[in-house]
Amino acid sequence: MSGERLHAPSPDELDPEERLSRDELQALQLQRLQWTVRHAYANVPLYTCKLDEAGVHPDDIRTLDDVTLLPFTTKEDLRLTYPFGMFAVPMDQVARIHASSGTTGRPTVVGYTTTDLRNWADLVARSLRASGVRPGMRVHNAYGYGLFTGGLGAHAGIEALGATVIPMSGGQTSKQVQLIHDFEPDAIMCTPSYLLTIADAMAEAGLDPRASSLKVGILGAEPWTNAMRAELEERLDIDAVDIYGLSEVMGPGVGNECIETKDGPHLWEDHFLPEVIDPETTRVRADGELGELVFTTLTKEAFPVIRYRTRDLTRLLPGSARPGMRRMEKITGRDDDMIILRGVNLFPTQIEEIVLGIDDLSPHFVLELTRPSRMDELTVRIEPAEGADPSAGERACTLLIERVKDRIGSTVAVALVEPGTLERSAGKLKRVYDLR
């Protein structure tokens with residue numbers, strides 16, 4: 001790595017909320033939870049109806065455990081209230097609108113007051129600081145700008161920290177490489193799969209990815225494994241940390257890994273109350289148990305959400321670098337991304353982890369689901385590693401089939417494709433193609 005490694009913030013650099021004890025934090029959470037429920041009940045017709053149907057009044061929320069009395073919110077609720085039915089303030093108080101892509105023709109629309117935007121920027125700044133970024137450093141922002149929350153959310157946080165933002169946005173990979181070479185940023189923000197694409201483009205341009213100025217990648221917007229972290233850190237000689245967020249709850253900056261531990265994102269629990277539930281029964285699971293992540297916002301004015309089902313699968317864990325705030329295990333799958341292949345549950349990240357352990361295969365692959373007869377079949381279409389000879393590539397494919405069968409319990413087909421033929425994504429990478 002060129003230059004010195006970035007380091008963890010000192011205690012006096014932390015926000016006051018990051019220094020709270022668990023008891024102090026929970027007292028603050030309860031106060032803010034009570035406000036959120038009252039605010040949503042009074043101003044969002046969907047929540048007025050949902051709470052009335054559940055027989056719950058805001059005054060019934062007396063402890064944090066009482067959050068379980070409240071009904072869940074789903075993405076379908078957001079689509080049914082399209083475009084502005086979930087807003088809890090008059091439109092003249094909405095300073096910005098974002099929207100996520102919608103597969104049904106109706107995206108999910110979120111709004112922010114000026115206070116919401118300030119809180120969001122402060123939390124992204126906190127996340128950057130946890131990643132080792134400091135005022136005066138340069139940050140190359142390769143998240144997409146526009147209705148997607150990534151670009152503008154990251155941008156505002158970089159500026160709030162006092163760092164210098166390079167607002168590149170996504171795409172134009174050769175230009176990304178040029179600007180990283182010329183502007184010498186300390187950090188980059190993008191999806192992990194796109195950083196891998198940038199590293200490939202650096203090598204194709206005759207540049208050594210390990211010799212760049214980059215010291216840390218703050219990566220999110222898609223599930224990625226610790227094996228991918230190791231690949232990126234080795235390839236670019238950087239630290240790679242996970243930033244977590246989703247537009248329905250805020251955007252990037254709901255949580256972030258700390259550079260000194262890299263043991264899963266710490267959730268900024270002064271603004272978000274997390275739970276993990278059984279996806280089937282919706283019963284709350286204890287910390288340490290795997291389940292679906294659920295969030296209640298605690299400070300959102302324009303767009304409060306109560307018990308929002310994220311579909312992300314994780315565990316809640318005790319805080320480490322920030323002892324008062326819980327961590328979550330890295331998101332390695334979503335229950336709506338799960339493939340059930342002949343009775344076996346399989347996630348794309350499980351394939352990724354195996355692929356990254358085989359030398360003659362590249363991390364560029366897609367999964368194709370077909371049903372040529374009565375049974376589903378899964379084909380892994382994958383590029384060979386750079387410089388791998390054909391016979392080594394074929395042996396690696398056989399090894400991949402064996403390891404998937406051994407570790408996951410499913411039989412898959414593997415098709416080796418020409419290098420550079422699989423689509424590269426500047427945003428969220430699409431891994432699964434359902435052709436059934």
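A disulfide, for our purposes today, is a pair of cysteine sulfur atoms within 2.5 Å. Hello everyone, and thanks for coming. What you have in front of you is a predicted model, and by that definition the structure holds 0 disulfides. Take Cys190 as an example: the nearest cysteine sulfur belongs to Cys258 and is 20 Å away, so with a cut-off of 2.5 Å Cys190 is in no disulfide. Is Cys190 buried or exposed? Cys190 is buried, because its relative accessible area is 0%, and the cut-off for buried is under 20%. Cys49 has 39% relative accessibility, so Cys49 counts as partly exposed.

Now let me turn to the strands. A quick reminder for anyone new to this: strands of a sheet pair through backbone hydrogen bonds, and they can do so parallel or antiparallel. Both kinds turn up here, so let's walk through them.

Please find β17, residues 361-370, and β18, residues 377-384. These two strands form a hairpin, with 6 residues between them. They run antiparallel, and 7 bridges join them. If you would like a place to put your finger, Thr370 stands opposite Glu377 in β18.

β18 has another partner as well. That partner is strand β19, residues 413-416, and here the pairing is in the parallel sense, over 4 bridges. Which residue of β19 stands opposite Ile382? That would be Leu416.

Elsewhere in the chain there is an open sheet made of 3 strands, in the order β10-β11-β12, and its pairing is antiparallel. The edge strands are β10, residues 272-277, and β12, residues 308-314, each of which pairs on one side only. From one strand to the next, the twist averages 30°. Look at strand β11, residues 291-297: 4 bridges join β11 to β12. In that pairing, Gly291 is the residue opposite Thr314 in β12.

Next, the empty spaces. The idea is simple: rolling a probe the size of a water molecule over the atoms shows where empty space is left.

How many cavities of 30 Å³ or more are there? The count comes to 3. The largest cavity holds about 110 Å³ of space. Its lining is made of 14 residues, and those nearest the centre are His364, Glu423, Arg424, Leu429 and Arg431. Two elements, α7 (192-204) and β17, each supply at least two residues of that lining. β17, which we just met in the hairpin, gives the most, with 4 residues. By class, the lining of the largest cavity has 7 nonpolar, 4 polar and 3 charged residues.

The second largest cavity has a volume of about 60 Å³. Among the residues lining this one are Asp116, Trp120, Met250, His271 and Lys300. Which helix gives the largest share of this lining? Helix α4, residues 114-130, does, with 4 residues. The classes here come out as 4 nonpolar, 3 polar and 2 charged.

Let's move on to an open space. The second largest pocket contains about 710 Å³. Of its 32 lining residues, the closest to the centre are Ser362, His364, Pro384, Ala385 and Glu386. You may recognise His364, which also lies among those nearest the centre of the largest cavity. Several elements give two or more residues to the lining of this pocket: α7, α8 (226-236), β17, β18 and α10 (390-407). The largest share comes from α7, with 6 residues. In terms of class, the lining of the second largest pocket divides into 15 nonpolar, 7 polar and 10 charged residues.

One last stop, and this one is a single residue. Where is Pro90? Look in the loop between α3 (75-80) and β1 (96-100). Pro90 has a relative accessible area of 46%, so this proline is partly exposed. To help you place Pro90 against the start of the chain, try Pro9: the two prolines are 81 residues apart in sequence and 39 Å apart in space, C-alpha to C-alpha.

To pull a thread through all this, keep an eye on β17. That strand pairs with β18 in the hairpin, gives the most to the lining of the largest cavity, and is one of the elements lining the second largest pocket. Thanks for listening, and I'm happy to go back over any part of the model with you.

Definitions and conventions: Residues are numbered from 1 along each chain as its sequence is written. This is a predicted model: local features need pLDDT of at least 70, side-chain atom pairs count only at pLDDT 80 or more; totals for chains, interfaces and linings use all residues. Side-chain values use heavy atoms; hydrogens and water are left out. On a 1 Å grid over the protein atoms alone, a cavity is a set of points where a 1.4 Å probe fits but cannot get out, and a pocket is an open set with protein on both sides within 12 Å along at least five of seven lines; lining residues have an atom within 4 Å of a point. Grid points are joined across faces, edges and corners, and a volume is the space filled by probe spheres set on the points. Ala, Val, Leu, Ile, Met, Phe, Trp, Tyr, Cys and Pro count as nonpolar, Asp, Glu, Lys and Arg as charged, and the others, Gly among them, as polar. Buried means under 20% relative accessible area, exposed over 50%, partly exposed in between (1.4 Å probe, protein chains only). Two strands pair if DSSP finds at least two bridges between them. Axes are lines fitted to C-alpha atoms, for helices over the stretch in contact, and angles run from 0 to 180 degrees between N-to-C directions.
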